[in-house]
Amino acid sequence: MLLLSVTIFTALLASARVAGNPVAAPELTPTPSLKDAVIRRATNCTFSGSIGYSLASKSKTSCSTIVVFQGTTTWGYEQWEGTLYSVSGNQITVKGDPGSVLDGQGALWWDGLGGGGGKIKPKFFKANDLTDSVLEGITIRNAPKNSFSINGVTRLTVKSITIDDSAGTSKGKNTDGFNINNSDQVYFTGAKVWNQDDRMNVNSGTNIYWTNGFCSGGHGLSIGSAANGAVVRNVTFENTVMEKQQQSVRIKTVSGAVASVSEIFYSGITINSGTDYGILVGQSYGDTKNEPTNGVTITNFQLRNISGYLDSGATQILTECGSRSCSNWSSSIVMLTGGKQLTTCLNKLNPISC
């Protein structure tokens, strides 16, 4: 089992505080153990690390709870799938006090292989089945693998989150910032991310909105990879600085899949030193490059005010669509400098051209 350095205080008002460094317990109430706290509240909601997650109740509804991280919270090392911290329920607020850090000590796992082999690495923070909830002011540092997995949530606000995996530049891999699956009405504002994979990838979900972000060192703001049966609809990325990205704007769909991607909007994206691509759309993910398939439709894809510069060896725009799978694309004020312009794309649409 992993070692979770937290203390949880519960009160009759159904609130909780999680502290990393040792903090004196309140004088009026003795501090319960993590196990006692989880068991006592399991009929309503679950807040858990490696121990509590295995004991989590399947009933995670009708909970109005605040969790606050203070100081530095660390997790010990063990090879397992994780996650290190999990939360679910209704009307949940998880906050980080100023200066607080959740440190996953990723260097203990990083081996350059990510989820593709080597050590078994846990994901960090799982938000499952949350409704009308808030994640705010949380700083994650050194995630072993993915930082936030957001699954099956409805009406979630994610505000002023910092993910700093910059120490993993040489060996960190698959340190995705935010993975979105089967979620609706998720609002991101003020996120700052340093990592080695996607800043955000929306694999499936509707009504996702991202604004006022900063991203450095990774693989961009991505749709997908959209796999078989996925629906991705009404996703907006706006007013974000993309620094040293492999690609900044990306749509990727799985080869041979049947799915739907629609109403995708990128606006006010500034690219500072793109390393491979500025804008990349591909429909052969996970299979042979340059052989896109037709099963995933990409409709109503819009680019507005995309600007910046790319490294000399990068490509400004590459689109590879199936023969009839992409339609109704538009662009306005796309101004990229540096890199190279391709003369051909596969089944390109003129408004977003190579």
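Tutor: Buried means under 20% relative accessible area, exposed over 50%, and partly exposed in between (1.4 Å probe, protein chains only). This is a predicted model, in which local features need pLDDT of at least 70 and side-chain atom pairs 80 or more, while totals for chains, interfaces and linings use all residues. Residues are numbered from 1 along each chain as its sequence is written, and side-chain values use heavy atoms, without hydrogens and water.

Student: Is Phe125 buried or exposed?
Tutor: The relative accessibility of Phe125 is 0%. Because of that value, Phe125 counts as buried.

Student: How many aromatic pairs does the structure hold?
Tutor: Rings of Phe, Tyr and Trp (its six-membered ring) pair if their centres lie within 6.5 Å; planes under 30 degrees apart are stacked, over 60 edge-to-face, the rest tilted. Counted in this way, the aromatic pairs in the structure number 14.

Student: What is the pair of Phe125 and Phe148 called, given the angle of their planes?
Tutor: The ring centres of Phe125 and Phe148 lie 4.8 Å apart. Their planes stand at 35°, so the pair is tilted.

Student: How many residues apart in sequence are the parts that Phe125 and Phe148 tie together?
Tutor: Phe125 belongs to strand S9 (residues 123-136), whereas Phe148 belongs to strand S11 (residues 148-151); strands are DSSP runs of E, at least two residues, numbered from the N terminus. Phe148, like its partner, is buried, with a relative accessible area of 0%. The pair therefore joins parts whose separation in sequence, in residues, is 23.

Student: What is the pair of Tyr187 and Tyr209 called?
Tutor: The rings of Tyr187 and Tyr209 have centres 5.4 Å apart. Their planes meet at 10°, so this pair is stacked.

Student: Which strands hold Tyr187 and Tyr209?
Tutor: The pair links distant parts of the chain, 22 residues apart. Tyr187 is partly exposed at 34% relative accessible area, and Tyr209 is partly exposed at 27%. Their strands are S15 (residues 183-189) for Tyr187 and, for Tyr209, S18 (residues 205-216).

Student: Which residues do ring pairs link into a cluster with Phe125?
Tutor: Phe125 and Phe148, already met as a pair, both belong to this cluster. The other residues that ring pairs link with them are Phe69, Tyr85, Phe178, Phe188 and Trp210.

Student: With which side chain does the side chain of Thr206 make a polar contact?
Tutor: Thr206 is found in strand S18 and is buried, with a relative accessible area of 14%. A polar contact is a pair of N or O atoms within 3.5 Å; within protein, one must be able to donate a hydrogen and the other to accept it, and residues adjacent in sequence count only if both atoms are side-chain atoms. At 2.6 Å, the side-chain partner of Thr206 is Asp184.

Methods:
Helix = DSSP H or I, 4+ residues; strand = E, 2+ residues; numbered from the N terminus.
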